[in-house]
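Here are some short exercises to work through at your own pace. Try each task before you read its solution.

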Amino acid sequence: MIDLGPHAAFIWVSYAAVAVTVAGLIVWLIADGRKQHSDLDALERQGVRRRGSVGVR
Amino acid sequence: MPHMQTLTQRLANPTRFMELSARLLPWISAASAILLAYGLYLAFIDSPADYQQGETVRIMYIHVPCAWLSMMVYGVIAVSSFGLLVFRHPLADVSAKAAAPLGAAFTFLALLTGSLWGKPMWGTYWVWDARLTSVLILFFLYLGLIALRSALEDEGAAAKLTAILALVGVTILPIIKFSVDWWNTLHQPSTDFTSTVDPSMRLPLLVMAAAFTLLFFAMHLKAMRNEILRRRVKALRTQAVAGRDRLAAHATTQGAAE
Amino acid sequence: MKSFLALLQRDVRLAIREGGAIGTALGFFLVVVSLMPLGLGPDLNLLARIAAGILWIALLLAALLSLNRIFEADYEDGTLDVLATGPLPLELVTVAKSLAHWITTGIPLAIMAPVLGILLNLDLAAYPVLVATTLLGTPAVSFLGAIGAALTMKTRRGGLLLAVIVLPLYVPTLIFGISAVAAGAGPSGFGASFLILAAISLTTIVLGPLAAAAALKVQLQ
């Protein structure tokens, strides 16, 4: 590994914190998207149809 | 200018937005990932250590992008809020709502990385210098936006009230920055730790900043898509309940008539 | 003009008649300032150095107490709807209410501040400066606070939410208020801080009602 000097821990923790947070956000965004899609599919199966093309208020 | 107008007009329709964002998202994500990889390479392998700070200067390559994002995203929220209140753009609230938690996250990361950057340099995990203090107050502004929105049940009112708060915040922000700088010079001699950035460090910084910006736009688009879908679900559920209520009412009146 | 003064008079009279609100704010001010030496130790030199800061912060917190009722009482009994459709534009209504808040809460707190300064061994030379700066800065507290009050009018636990929203907005007033006291007590006189404090207050008086009225219009839809 690269030698990052006596304060290497600070560097690693910083980058790790950013990486973990960004990864967490991305995972949440993808999971949330899937949930919304599955909710929409469930509603469509129940027979609730969108009124025309104005499905969003 | 007219080109930008037609772009926002084209995107105003949520369905069009969903189509366009679906096509854009993979490209923006890929570009962000590539720049991120290049930036990390530059940050760790192709740039020197600082003669004063040693290797810890490399924290700057994620701290500054996070700090930059914390301000840029507030700008996005402010522009969206303006778009809602003045132009009643249909997607303005979706944009503002989606951006707030992302902005708050990056602001928090700016504070965290700033703290970790400072500890080896000054010996403490927190310093009340002008920059960190300003970012801390910005964090409070984000929290205020998120808290206000979650406290309001009426979505329409929540949209407009958070927009007003965002515009109040963005108006006061320069004054806050000015007052914090003033306060800082009163109490401390200038200890600006990034007063000059060596040219050899500018490229990694720019690349990382660009990478983070693209990363935010990708996440923002995705979050907006999720929010649009969420609102569709809610609208359909309301429709379904209303339909069932109408049927039930019809059935009981029929039963009573017989 | 007549309706503006009538509204102002009415609100001031109501607040004074209630009495308890002003008393509570002053009492809170007293308690918080008294807690400081208990928490920090009775070293008079230390207290003298931080007195201006303690007084300003405690004043801000005490003013926050009464803010969420600027509009609430009138909203609950429907008076706000009447005011909104009345001859006075909503912006002027909020000016009148913010002004009433300043008269009935800001000014009493500002006058009480030097009294509490005794508890903190505040430098005697700073007393007139303290009164001047708190009188100059408290309008900003009322007018900015009105924005928060309008935004949080219908929310549960609106008081805490109001504090979270409004306290960051008070930072410039806080910084320049304390800086003006420090500058005023010294040899160089009031200095730029005082002027900047005045500018901030004036700006909030002009722009605050715009935001507060906009928020009220949304709430009353």
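Two residues are in contact if their C-beta atoms, placed from the backbone, lie within 7 Å. The model is predicted, with local features needing pLDDT of at least 70, side-chain atom pairs counting only at pLDDT 80 or more, and totals for chains, interfaces and linings using all residues. Residues are numbered from 1 along each chain as its sequence is written, while chains are lettered from A and ligands numbered from 1 in the order in which they are written.

**Exercise 1.** Find how many residues chain A and chain B each bring to their contact, and sort the chain A side by class.

*Solution.* Start with the count: chain A gives 31 residues and chain B gives 35. For the classes, take Ala, Val, Leu, Ile, Met, Phe, Trp, Tyr, Cys and Pro as nonpolar, Asp, Glu, Lys and Arg as charged, and the others, Gly among them, as polar. The side of chain A that touches chain B then splits into 17 nonpolar, 10 polar and four charged residues.

**Exercise 2.** Work out which helix of chain C gives the most to the side that touches chain B.

*Solution.* Helices here are DSSP runs (H or I, at least four residues), numbered from the N terminus. First, 19 residues of chain C meet 22 residues of chain B. Next, at least two residues of that chain C side come from each of α7 (126-151), α8 (158-166), α9 (171-185) and α10. The most come from α10(C), with six residues. By class, this side of chain C has 16 nonpolar, three polar and no charged residues.

**Exercise 3.** Decide how α6 (residues 155-187) of chain B and α10 (residues 191-219) of chain C are oriented.

*Solution.* Fit axes as lines to C-alpha atoms over the stretch in contact, with angles from 0 to 180 degrees between N-to-C directions. The two axes come within 9 Å and cross at roughly 170 degrees. Angles over 145 degrees count as roughly antiparallel, so α6(B) is roughly antiparallel to α10(C). Among the residues making this contact are B:L161 and B:I164 of α6(B), and C:A211 and C:V218 of α10(C). In total, the contact has 10 nonpolar, one polar and one charged residues.

**Exercise 4.** Check the span of helix α3 (residues 60-87) of chain B against expectation.

*Solution.* The expected span is 1.5 Å times one less than the number of residues. For the 28 residues of α3(B) this should be 40 Å, and the end C-alpha atoms are 39 Å apart, which agrees. Just after α3(B), B:R88 takes a positive phi of about 50 degrees.

Technical notes: Angles under 35 degrees count as roughly parallel, over 145 as roughly antiparallel, 65 to 115 as roughly perpendicular and the rest as oblique.
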